Amino acid sequence: MNPQPRPARLGAEQEQLYRHLLRSLPAPLADHAAALGWELRQAVPILRDLERLQLVSRAADGTLHAEDPRATVGRLLDEEESDLDRRRRELMVLRGSLESFEVDYRRGQQFSGPRQRIWEQVIPSRASAVVDRLFRTSGGDVLQVVGRFDVGPGHDESVRRQFQEVATSGRAIRTIFPLSMLDDAHWHAFAQDRAKAGEQQRFLTDEAITVEFAIWCGTAVLLDEGGGQDGDFVLLRSPAVLSVFAALFDELWRRAEPMLSRDASTQDAKLVEMLTMGFKDEAIARQLGLSLRTVRRRVAALMVQHGVETRFQLGRAVSGRGLIGTSR
């Protein structure tokens, strides 16, 4: 039996008693409790909740009556919708104030100097909040070197939402993963999902990844200190340190491989194959069931992954590595 939608403000037991009263003839609470297999003392506070919401009334002789839900539940829904409208208006005012808050913040920095420390220790419980803030307040590329893919702030729900928003906004996210990630079906699928969202991926041997970090361009580096799941992070904001880590990432990215045959979706492999056969973007979009914009975005990402500048070079690079055309 499909679960019924629950009226606002009703818990499971309140809903159960209310539905029973709707289906039953007027009777004292003791009779209704017995019919439900409840003790009377259990039913008393539940009935009080229903009376407080004005869903049930009690006659002079103690019998309980449930009124037409179109009137009673309808009234609750009207109240909830009114509350939602009020909350939406408050949020719109707050969003409208965001820009002026930012102006005040920048003005304060101008007069009193930067308020952020050059570096700070970040305990694991705060890491997700720090990453979420960096996604929101930074611009440009996000560069990551990941050694442990089963733990870390990237698995927090708020961070995953920010990742999706950034990946689909046009900002580049480039990530280097360890090759061992591809040996586990679960994490292989995880990498594919992120690639589909727009993440550009390359892979290095596990021993080549000796340090884990993420760079929000021009803003900060979040460095994993090691120490396993309970290890701390260090947040670094020095421009000199940022440039060092950016250079390190570029070198690791140059040494890493796209691994198209393993990390990209079958759809990406088919896309490249159709490119090498001379299909136009419009035809590829129709064949793969994608939008034209998505096809062009994926082609651009693949060109960056393979370090080429033209589609012809992309086809040659992929074919030369034996990553397409082997199944025909």
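# Working through a predicted fold

Of the 328 residues in the protein chain, 40% count as buried (buried is under 20% relative accessible area, exposed is over 50%, partly exposed is in between, with a 1.4 Å probe and protein chains only). This is a predicted model, where local features need pLDDT of at least 70 and side-chain atom pairs count only at pLDDT 80 or more, while totals for chains, interfaces and linings use all residues. Residues are numbered from 1 along each chain as its sequence is written, and side-chain values use heavy atoms, with hydrogens and water left out.

## Exercise 1: the small sheet

Work out the strand order of the open sheet of 3 strands, and go through its pairings.

Step 1. The protein chain has 13 helices and 10 strands; these are DSSP runs numbered from the N terminus, with helices being H or I of at least four residues and strands being E of at least two.

Step 2. Take strand S1 (residues 27–28) and strand S3 (residues 63–66): they pair in the antiparallel sense over 2 bridges. Pairing here requires that DSSP finds at least two bridges between two strands. Ala27 has Leu64 in S3 as its bridge partner, and Pro28 has Thr63 in S3.

Step 3. Strand S2 (residues 56–58) is joined to S3 by 3 bridges, and the two run antiparallel. Val56 has Ala66 in S3 as its bridge partner. In this hairpin, 4 residues sit between the strands, and Gly62 takes a positive phi near 90°.

Step 4. Put it together: the order is S1-S3-S2, with antiparallel pairing. S1 and S2 are the edge strands, each pairing on one side only.

Step 5. Now add the helices. Helix H1 (residues 12–23) lies across S2 and S3, at about 90° to S3. H3 also lies across S2 and S3, running at about 110° to S2. Angles run from 0 to 180 degrees between N-to-C directions, and axes are lines fitted to C-alpha atoms, for helices over the stretch in contact.

## Exercise 2: two residues in loops

Is Gln54 buried or exposed, and is Gly231 buried or exposed?

Step 1. Gln54 lies in the loop between helix H3 (40–52) and S2. Its phi is near 60°, a positive value in a residue other than glycine. With a relative accessible area of 53%, Gln54 is exposed.

Step 2. Gly231 is in the loop between S9 and S10. Its relative accessible area is 9%, so Gly231 is buried.

Step 3. Look at what surrounds Gly231. Not counting residues up to four places away in sequence, Gly231 touches Pro124 and Gly226 (contact means heavy atoms within 4.5 Å). Gly231 and Pro124 are 107 residues apart along the chain, yet their C-alpha atoms are separated by 6.7 Å.

## Exercise 3: the sheet of 7 strands

Find the edge strands of the open sheet of 7 strands, then place the helices that pack on it.

Step 1. The order is S4-S10-S9-S8-S5-S6-S7, with mixed pairing. Strand S4 (119–122) and strand S7 (200–204) are the edges, each pairing on one side only. Neighbouring strands of this sheet are turned by 15° against each other on average, direction ignored.

Step 2. S4 and S10 pair in the antiparallel sense over 4 bridges. Glu120 stands opposite Leu235 in S10.

Step 3. Helix H7 (residues 185–197) packs on the sheet, touching strand S5 (142–145), strand S6 (173–178) and S7, and its direction makes about 145° with that of S7. H12 packs on the sheet as well, touching S6 and S7, with its direction at about 30° to that of S7.

## Exercise 4: the largest core

Which residues have the most contacts inside the largest nonpolar core, and which element gives the most to this core?

Step 1. A nonpolar core is a set of buried Ala, Val, Leu, Ile, Met, Phe, Trp, Tyr and Cys residues joined through side-chain atoms within 4.5 Å. The largest has 19 residues, and Val122, Phe135, Trp216, Leu222 and Leu235 have the most contacts inside it.

Step 2. Elements giving two or more residues to this core are helix H5 (124–137), helix H6 (157–169), strand S8 (212–216), strand S9 (220–224) and strand S10 (233–236). H5 gives the most, with 5 residues.

Step 3. Zoom in on Phe135. Leaving aside neighbours within four places in sequence, the contacts of Phe135 include Val142, Val159, Phe163 and Trp216.
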